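Please open the model in your viewer and keep the selection tool at hand. The tour below proceeds stop by stop, stating what to select and what is found there.

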Amino acid sequence: MAEFPHLLAPLDLGFVTLPNRVLMGSMHSGLEERGDWGAVAEFYATRARGGVALMVTGGMAPNPEGGVFAGAAGLFSADDIANHRLVTGRVHAAGGRIAMQILHAGRYAYGPGCVSASAVKSPISPFVPLALDEAGIETQIAAIVTAAVRAREAGYDGVEIMGSEGYFLNQFLVRHVNQRTDRWGGSFANRMRLPVEVVRRVRAAVGPDFIVIYRISLSDLVPDGSTWDEVVELAQAVQAAGASLLNSGIGWHESRVPTIATSVPRAAFADLTGRLRRAVTIPVIASNRINAPEVAERILAGGLADMVSMARPFLADPEFVIKAASGRAAEIAPCIACNQACLDHTFSGKLASCLVNPRACHETELVYGPALVPKRVAVVGGGPAGLMCARVAAMRGHRVVLYERAAKLGGQLNLAKVVPGKEEFHGLVRWLSDEVARLGVALRLGVAATPDDLRGFDAVVVATGVRPRDPGIAGQGGANVLSYIEVLTGAPVGRRVAVIGAGGIGFDVAEYLVQTGASPTLDVARWRREWGMGDPALVPGGLALGGPEPEAAAREVTLLQRKAEKPGRALGKTTGWIHRAALAAKGVRMIGGVAYRRITPAGLEISRDGQPEVLALDTVVLCAGQVSERSLADALTAAGIAHHVIGGAEVATELDAKRAIDQAARLAAQL
Ligand code: NAP
Ligand code: SF4
């Protein structure tokens with residue numbers, strides 16, 4: 001019997017049978033806006049070859065006012081149709097299926113021309129939308145229907161109509177955005193008229209043998225959102241209007257409850273999909289924080305869904321399904337839900353990629369072809385950069401020796417994985433370590449390589465990483481002062497703590513220090529209480545009545561930095577708010593603009609605005625950034641041995657695993 005029988009079972013939609021239960025969810029890659037349609041086609045064809053049953057494209061605007069940003073891709077002209085045909089043709093040639101997502105952003109469209117039910121601004125946008133009149137609503141419906149018809153013309157197997165995450169159709173459903181008194185507002189029957197009309201008219205226009213997915217918001221996670229009864233009423237109406245499948249949407253973009261970040265428990269919302277499934281007869285799709293075949297299998301076997309949607313996991317590994325189906329599930333590159341190379345890039349206007357897989361969205365440009373001449377390659381350093389370099393070099397046929405001074409692989413990732421909410425990093429270290437073993441990389445653990453060891457290799461790569469920066473604060477040699485490495489490897493820490501440095505590591509250390517007991521990420525009920533997620537059947541929108549109920553902090557923590565700005569500004573674009581909110585909920589004081597005077601056995605003396613202040617403390621933790629560990633690189637230079645330096649060993653500033661892994665993969669692709 002196959003390892004994942006439910007995941008790999010076909011799904012009959014009547015007019016088409018999908019080969020398995022895996023949907024690749026919609027993601028914006030940024031490739032379309034670059035106009036490189038060959039790259040778009042290769043992105044999707046690569047995933048089709050990997051065995052996914054059905055893919056959904058990134059959101060396509062039905063008209064300019066519905067685009068998430070000015071210039072957002074859509075299906076506006078004959079040229080657009082030809083471009084999209086290139087994509088669908090390549091996907092079909094690869095044996096796959098693809099649906100186009102139609103995304104009308106409504107008041108989330110970032111521009112002064114945005115439209116909505118009423119002129120009610122979103123808290124995450126500076127633009128007040130124009131309240132549509134009757135004719136304006138008809139124009140929007142017509143644009144969505146036209147987009148669906150064009151999608152069919154362009155060869156798509158279906159469309160997904162985006163009705164969740166607080167976008168246009170979702171905005172009409174809730175009273176706080178829809179304040180209309182005409183037939184599109186007021187009673188729920190009126191408020192849901194727009195999404196139901198859209199599905200009905202799309203179905204009528206595309207015919208019966210075309211997949212129509214409706215993405216429905218199961219819990220808006222905003223005050224005054226939909227009730228569960230309304231969700232069910234809408235789902236049943238959308239089903240009657242002709243939807244083939246219902247996909248789950250969780251939380252509006254303006255929600256203050258995280259829904260996809262790494263600290264969100266796996267499959268945290270699948271129970272809501274299970275509840276929806278009991279209310280409709282068409283197949284339903286579970287979504288959010290599903291990143292491993294065993295998690296997907298559990299959801300399906302438990303009767304919570306008919307399909308599972310995974311989006312980011314297909315950036316991390318396009319071969320997710322093939323590997324799961326062929327007894328190679330352990331080889332699946334894990335999406336750690338960090339958002340660092342995907343959503344953070346998208347929201348900064350950069351091309352998306354993946355921390356774990358730098359080839360994602362770069363398929364045509366970064367290629368791991370077989371080495372023309374197999375070489376003997378030495379890689380020094382078993383952190384993310386060294387491991388990825390060794391992996392890709394070995395994949396290409398080089399004979400690789402990997403030296404690591406410590407007794408185990410993983411480098412700084414081993415520190416990240418003990419931070420509450422970063423449990424996914426365990427999987428990344430495991431995967432990278434398994435990969436180098438599987439590919440026959442010779443490991444030299446516990447060996448600090450010397451120039452003599454490295455003489456005679458055809459290529460030497462130095463990935464020795466970083467060491468903590470010495471902040472040079474008077475008294476830092478005291479018994480009450482610890483480095484972040486000591487803390488994250490288990491050194492005892494007192495009750496009143498100051499963390500010096502509020503970068504990524506300072507925040508991580510603070511989260512580690514305030515946590516009591518096991519991480520809430522491993523316990524959905526506790527996590528929901530901490531973030532104030534309730535039940536939409538009890539409170540409209542699904543927020544908890546009493547708000548968030550954070551557990552008491554294990555310690556009193558003060559997080560300090562010298563810059564006068566708000567601590568945490570440089571954290572990830574889509575995740576920084578989560579870290580700041582999590583620490584604020586635990587009462588962590590975050591102070592910018594300090595000068596460090598000295599550390600004494602009683603605490604830390606600082607000054608702010610020239611005013612001295614004494615913090616009474618038990619422990620001071622140094623998280624003052626890092627400097628490159630270049631001693632080996634310098635010794636190799638002195639010995640005249642040619643070498644490459646990558647990752648933190650090359651540049652420590654702003655270092656993160658994303659840059660280290662990307663640089664490593666690109667070097668290894670060229671060796
Ligand atoms: P960092 O982000 O560069 O932060 C270093 C902190 O130390 C800053 O707050 C800095 O603020 C302070 N600092 C610098 N020089 C100092 C000095 N001489 N004395 C006292 N304080 C000093 O470095 P990091 O926190 O070590 O993180 C390293 C990298 O790992 C980051 O670039 C980050 O991208 C990555 N990382 C990312 C995450 C994530 O969640 N994405 C998590 C962990 C680590 P002031 O100079 O203002 O005092
Ligand atoms: Fe997943 Fe992070 Fe890759 Fe995005 S960048 S796909 S969140 S591993």
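**First stop: helices α14 and α16**

Begin by selecting α14 together with helix α16, residues 424–438; their axes come within 9 Å and cross at roughly 35°. The structure on the screen is a predicted model. The crossing of α14 and α16 is left-handed. To see the residues that make the contact, show the side chains of Leu 387, Met 388, Ala 390 and Arg 391 on α14, and those of Trp 431, Leu 432, Glu 435 and Val 436 on α16. If these residues are coloured by class, 6 are nonpolar, none is polar and 2 are charged.

**Second stop: the nonpolar cores**

Which helix gives the largest nonpolar core its largest share of residues? Select first the three residues that touch the most other members of this core: Val 202, Tyr 214 and Leu 246. The core has 166 residues in total. Its largest share, 8 residues, comes from helix α14, which spans residues 384–395.

Now centre the view on Val 202. Setting aside residues up to four places away in sequence, Val 202 touches Ile 144, Val 145, Ala 148, Val 159, Ile 161 and Val 212. There is also a second, separate core, made up of 22 residues; Val 487, Leu 488, Ala 510 and Val 557 are among them. In soluble globular proteins, nonpolar side chains tend to be buried together.

**Third stop: helices α19 and α21**

Next, select helix α19, residues 504–514, and helix α21, residues 576–585. Their axes lie 10 Å apart and the helices pack at an angle of about 35°. This crossing is left-handed. On the α19 side the contact is made by Phe 507, Ala 510, Glu 511 and Val 514, and on the α21 side by His 579, Arg 580, Ala 582 and Leu 583. Sorted by class, the contact has 5 nonpolar residues, 1 polar residue and 2 charged residues. Ala 510, displayed here on α19, is also one of the residues of the second core.

**Fourth stop: helices α2 and α3**

Move to helix α2, residues 37–49, and helix α3, residues 78–93. Their axes come within 8 Å and cross at roughly 25°. Because angles under 35 degrees count as roughly parallel, α2 is described as roughly parallel to α3. The crossing of α2 and α3 is right-handed.

Show the side of the contact that belongs to α2: Trp 37, Gly 38, Val 40, Ala 41, Glu 42, Tyr 44, Ala 45 and Ala 48. Then add the partners on α3, which are Asn 83, His 84, Leu 86, Val 87, Arg 90 and Val 91. By class, this contact has 9 nonpolar, 3 polar and 2 charged residues.

**Fifth stop: helix α10 and its surroundings**

Select helix α10, residues 293–301. Which of its residues are buried? They are Pro 293, Val 295, Ala 296, Glu 297, Ile 299 and Leu 300. To see what covers them, add α9 (270–277), β11 (284–286), β12 (307–310) and α12 (320–325), which are included in the cover. Just after α10, select Gly 303, where phi is positive at about 75°.

**Sixth stop: residues in loops**

Ala 267 lies in the loop between β10 (245–250) and α9. Its phi is near 50°, a positive value in a residue other than glycine.

Ala 337 is placed in the loop between α12 and α13. Ala 337 also has a positive phi, of about 60°, although it is not a glycine. Is Ala 337 buried or exposed? With a relative accessibility of 1%, Ala 337 counts as buried, because buried means under 20%.

Select Ser 348 in the loop between α13 (343–346) and β13 (376–380). Ser 348 is partly exposed, its relative accessible area being 39%. A distance drawn from its C-alpha to that of Gln 670 should read 29 Å, for two residues that are 322 residues apart in sequence.

Finish at Ala 474, in the loop between β17 (466–468) and β18 (481–483). Ala 474 is partly exposed, with a relative accessible area of 42%. Apart from its neighbours within four places in sequence, Ala 474 is in contact with Arg 597, Arg 598 and Ile 599. As a last selection, add Gly 71: its C-alpha atom and that of Ala 474 are separated by 54 Å, and the two residues are 403 residues apart along the chain.

Technical notes: Residues numbered from 1 in each chain as written. Chains lettered and ligands numbered in written order. Predicted model: local features only at pLDDT ≥ 70, side-chain atom pairs only at ≥ 80, totals over all residues. Heavy atoms only, no water. Core = buried A, V, L, I, M, F, W, Y, C linked by side-chain atoms within 4.5 Å. Buried < 20%, exposed > 50% of the residue type's maximum accessible area, 1.4 Å probe, protein only. Helix = DSSP H or I, 4+ residues; strand = E, 2+ residues; numbered from the N terminus. Contact = heavy atoms within 4.5 Å. Axes fitted to C-alpha atoms, helices over the stretch in contact; angles between N-to-C directions. Parallel < 35°, antiparallel > 145°, perpendicular 65-115°, else oblique. Left-handed = near helix turned anticlockwise from the far one by under 90°. Nonpolar A, V, L, I, M, F, W, Y, C, P; charged D, E, K, R; others polar.
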